[in-house]
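Let's take a walk through a protein structure together. Keep the picture open while you read, and look up each residue as it comes along.

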Amino acid sequence: MKAINRRQAFALGGGFVMLTLMPMAADAEVTNDAAKWIEKFTGGKAPAKGKISLDLPEIAENGNTVPLSISIESPMTADSYVKDVMILADGNPNAGVATLSFTPLSGKAEASIRIRLATTQNVVAIAKMSDGSLFTEQKTVKVTIGGCGG
Amino acid sequence: MADKPRIKLPKEAAKGEVIQIKTLVSHVMESGQRKDAQGKTVPRKIINKFACEFNGKPVFSCALEPAISANPYIQFDAKVDEAGTFKFSWTDDDGTVITAEEKVALKA
């Protein structure tokens, strides 16, 4: 077997660097005022995981219209229902996407909208129940073409 | 914005049934982030609020941000306990409100 020459060694090394960098690139960073939005919505309380199912494509080819569906487990009666759901995108120029307000008349805490995503990032949903408890869920969406013009 | 909003919902429902409502309204939803050919920022112009009422009682509403796609599509559910009218309204940044109404009857 031939010994590895200098050029091949470089190629190998480069490959390793790529491999180690890749997961970091996929881990989208918070680049906007998402924390402020969360603070305002939750009043500083930490939301628990669960109850929400957030449906988004894993890879969005066009960031201009990314379908988003959300459904939250709740009986939706006058005593116990989902009040507000805030949706945030932590890599957009502005973190806010939409705040959905349900009532017991909604019957189901489910909604679908289409959103814009500027780049690969996390979409966060926080639900506020009628008793004040909070739940959260997030999903990473890879965006190949950004949706904020430019 | 002369286009009529498109709304899809069943014409009649059983008492207590949860129906699905789909709405689509034509709107540019200008985000305020884009620049025109001269490099000037195109001013923001979006629908910032959508609301749905049934016989005067709120069913569903949402506050929208520039991160909502053009021609906003909103799908949600509503519980029908009585025959009545759904009223929909979309509020623009400039204050104009697009409204629509749909009637639902109870299944005999």
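## Salt bridges, start to finish

A salt bridge here is a side-chain nitrogen of Lys or Arg within 4 Å of a carboxyl oxygen of Asp or Glu. With that rule, a search of the whole structure turns up seven salt bridges over all chains. Before we look at some of them, a bit of housekeeping. This is a predicted model, where local features need pLDDT of at least 70 and side-chain atom pairs count only at pLDDT 80 or more, while totals for chains, interfaces and linings use all residues. Residues are numbered from 1 along each chain as its sequence is written, chains are lettered from A and ligands numbered from 1 in the order in which they are written, and side-chain values use heavy atoms, with hydrogens and water left out.

## Three pairs in chain B

Start with B:Asp93 and B:Arg44, whose side chains meet in a salt bridge at 2.9 Å, N to O. This pair links distant parts of the chain, 49 residues apart: B:Asp93 sits in the loop between β7 (84-92) and β8 (97-106) of chain B, and B:Arg44 in the loop between β3 (17-24) and β4 (47-54) of chain B. (Helices, H or I with at least four residues, and strands, E with at least two, are DSSP runs numbered from the N terminus.) How open are the two residues? Buried means under 20% relative accessible area, exposed means over 50%, and partly exposed is in between, with a 1.4 Å probe and protein chains only. B:Asp93 is partly exposed because its relative accessible area is 30%, and B:Arg44, at 39%, is partly exposed too.

Next come B:Asp92 and B:Lys45, with a salt bridge of 3.0 Å, N to O. B:Asp92 lies in strand β7 of chain B and B:Lys45 in the loop between β3 and β4 of chain B, so this pair ties together parts 47 residues apart in sequence. Is B:Asp92 buried or exposed? At 3% relative accessibility, B:Asp92 counts as buried, whereas B:Lys45, at 27%, counts as partly exposed. The third pair is B:Lys57 and B:Glu82, at 3.5 Å, N to O. Here B:Lys57 is in strand β5 of chain B and B:Glu82 in the loop between β6 (73-80) and β7 of chain B, so parts 25 residues apart in sequence get tied together. There's also a network: salt bridges that share partners join B:Lys45, B:Asp92 and B:Asp94.

## Where the chains meet

How many salt bridges are there between chain A and chain B? The count is zero. The two chains do touch, though: 29 residues from chain A and 28 residues from chain B take part in the contact, where contact means heavy atoms within 4.5 Å. Together they bury about 2,300 Å², 52% of it on carbon and sulfur atoms. Buried area is the accessible area (1.4 Å probe) that two parts lose on being put together, summed over both. A:Leu105, A:Arg114 and A:Arg116 supply 31% of what chain A buries against chain B, more than any other three residues.

On the side of chain A that touches chain B, the elements giving two or more residues are β6 (96-102) and β7 (110-115) of chain A. The largest share, seven residues, comes from β6(A). That strand also runs antiparallel to strand β5 (residues 57-64) of chain B, joined by five bridges; two strands pair if DSSP finds at least two bridges between them. Look for A:Thr99, whose bridge partner in β5(B) is B:Ala63.

## Inside chain A

Chain A has two helices and nine strands. Of its 150 residues, 40% count as buried. Strand β2 (residues 52-55) of chain A is a nice one to look at: A:Ile52 and A:Leu54 point to one face and are buried, while A:Ser53 and A:Asp55 point to the other and are not. In a regular strand the side chains alternate between the two faces of the sheet. β2(A) pairs with strand β4 (residues 66-72) of chain A in the antiparallel sense over four bridges, and A:Asp55 has A:Ser69 as its bridge partner there.

Just before β2(A), A:Lys51 is found in the loop between β1 (48-49) and β2 of chain A. A:Lys51 counts as partly exposed because its relative accessibility is 39%. Leaving aside neighbours within four places in sequence, A:Lys51 is in contact with A:Ser71, A:Ile72, A:Glu73, A:Met129 and A:Phe135.
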